[in-house]
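Got the viewer open and a selection box ready? Follow along, and we'll hop from stop to stop.

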Amino acid sequence: MYFDTHAHLDDKAFDEDRDELLLRLRESGVDCVLDPGCDPESSRKAASLAEGEEWVFFAAGIHPEELHAFNDEGLEQIAALLKHPKCRAVGEIGLDYYWDDSHKEEQKRLFHAQLSLARENGLPVVIHDREAHGDCLAVVRQYPGLRGVFHCYSGSPEMAEELLRMGWYLGFDGPITYKNARKALDVLRICPEDRILVETDSPYLAPAPKRGKRNDPGNLPFICAKIAEIRGKTPEEVAELTAANGRRLFGIA
Ligand SMILES: [Zn+2]
C-alpha cells in the first residue's frame, strides 16, 4: 500500500543488505518504489534493480551535483535508458546552489537538456531544487506541457501554488517530521490531495525517530502519519491516496 516515489535503492549504502531489505520492504507493505538515478552509472544500476523486482521502477538522469557527467556521451546514455520499459521519469535533475553556486549557467544548460529529453519521450520529471527556487520555477515555466514532481519541496507556499496550477506534484519527505519544520507544513496544508507524493530520499533524510540513521522506504509510515495529522486523515488513507497519486503521475497500473 506504500509507494516511495524517491528512494536511491541503488546507493552503495545498501550494498551490504539490499536483498534482505527488498524482502523486508515487501513484507512491511511497501509495494512500489521509484529509484531515481543521479548520473548514467547510478541510473543503470537503478535500471538493473528494476529489472529484478517487478514492483521497483526507475528514473534516469544527471543530478546537478554530477556536472562532470554532463557531456554528449552522458546525455546519450541517459537518452537510451529512457527507452527502458521500467523507466518512468527523467530524474533526478534540477538546480542545486547550496553545494555549488559557481556553475549556475552550466547547471541550467544540463537542466534544459534533460527537460527536452523528457518532452521528447513524453515522460514526467523528478526535480531537485535546493536553494534555487526562483531559477527552477523560471525554467519549468518554459515547458508548459511538462509534468512531474518537485522532490522534497522546500519552496514557498506562493511558488507551490503556481506549480500546482501548472499541474505539478509536490514531494514530502522526512524533514516534515522534524521539530523545526514549518514552511513545508504550510505547503502541505494548501496542497490538493491529489498532488501529494510521499518520498524517503533513502538513504538520506531519515524521519524524526530515525534521524541521522540510514533511511529506507520502510520509514514511509512516519511521513504518512505526519501528513495524516496535518490533513485530518488516517495514515492508511494518506498511504493509499499518495500511492494512487504516484501511480497516476508515473503511469504505473
Ligand atoms: Zn534524491
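**Stop one: two strands in the middle of the tour**

Select residues 56-60 and 87-96: these are strands β3 and β4, which pair in the parallel sense over three bridges. Keep in mind as you click around that this is a predicted model. For a concrete pair to look at, pick F58, which stands opposite C87 in β4.

Stay on β4 for a moment and step along to G91. The peptide bond from G91 to E92 is cis, with omega near 0°. E92 itself has its place in strand β4, so colour that bond if you want to find it again.

**Stop two: β3 on its own**

Now hide β4 and show the side chains of β3. How many of the five residues of β3 are buried? Five of five, so β3 is mostly covered. In a regular strand the side chains alternate between the two faces of the sheet. Here V56, F58 and A60 point one way from β3, F57 and A59 point the other way, and all are buried.

**Stop three: back to β2 and β1**

Add residues 30-36, which are strand β2. β2 and β3 run parallel and are joined by four bridges. Two facing pairs are worth labelling: L34 stands opposite F57 in β3, and D35 stands opposite F58 in β3. β2 is mostly covered too, with five of its seven residues buried.

To get from β2 to β3 along the chain, select 40-52, which is helix α2. Together β2, α2 and β3 make a right-handed β-α-β unit.

Next, bring in residues 2-4, strand β1. β1 runs parallel to β2, and three bridges join them. Click F3 and look across: its bridge partner in β2 is C32. The connection here goes through helix α1, residues 18-27, and β1, α1 and β2 make a right-handed β-α-β unit.

**Stop four: the whole sheet**

Time to zoom out and show every strand. Strands of a sheet pair through backbone hydrogen bonds, either parallel or antiparallel. Which is it here, parallel or antiparallel? The pairing is parallel: eight strands form an open sheet in the order β1-β2-β3-β4-β5-β6-β7-β8. At the edges stand β1 and β8 (196-198), each with a single partner strand, so one side of each is left without a neighbour in the sheet. Turn the view to look along the sheet and you can follow the twist, which averages 25° from one strand to the next.

With the sheet still on screen, select 220-231, helix α8. Helix α8 packs on the sheet, where it touches β1, β2, β7 (169-172) and β8. Its direction makes about 150° with that of β8.

**Stop five: the loop between β8 and α8**

This loop has a few backbone oddities, so switch to sticks. Go to D201, which is found in the loop between β8 and α8. D201 has a positive phi of about 60° although it is not a glycine. Is D201 buried or exposed? It has 21 other C-beta atoms within 10 Å, and 20 or more count as buried, so D201 is buried.

Move on to P203, in the loop between β8 and α8. The peptide bond from S202 to P203 is cis, with omega near 5°.

Then select L205, also placed in the loop between β8 and α8. Phi of L205 is near 55°, a positive value in a residue other than glycine. L205 counts as buried because it has 20 C-beta neighbours inside 10 Å.

**Last stop: a pair of helices**

Finish with residues 157-165 and 183-190, helices α6 and α7. They pack at an angle of about 35°, with their axes 9 Å apart, and their crossing is right-handed. Which residues make the contact? Show P157, A160 and E161 from α6, and D186, V187 and I190 from α7. By type, the residues of this contact divide into four nonpolar, no polar and two charged.

Notes
Residues numbered from 1 in each chain as written. Predicted model: local features only at pLDDT ≥ 70, side-chain atom pairs only at ≥ 80, totals over all residues. Axes fitted to C-alpha atoms, helices over the stretch in contact; angles between N-to-C directions. Left-handed = near helix turned anticlockwise from the far one by under 90°. Contact = placed C-beta atoms within 7 Å. Nonpolar A, V, L, I, M, F, W, Y, C, P; charged D, E, K, R; others polar. Pairing = 2+ DSSP bridges. Buried ≥ 20, exposed ≤ 12 C-beta atoms within 10 Å, placed from the backbone. Right-handed = clockwise from strand over helix to strand, strands pointing away.
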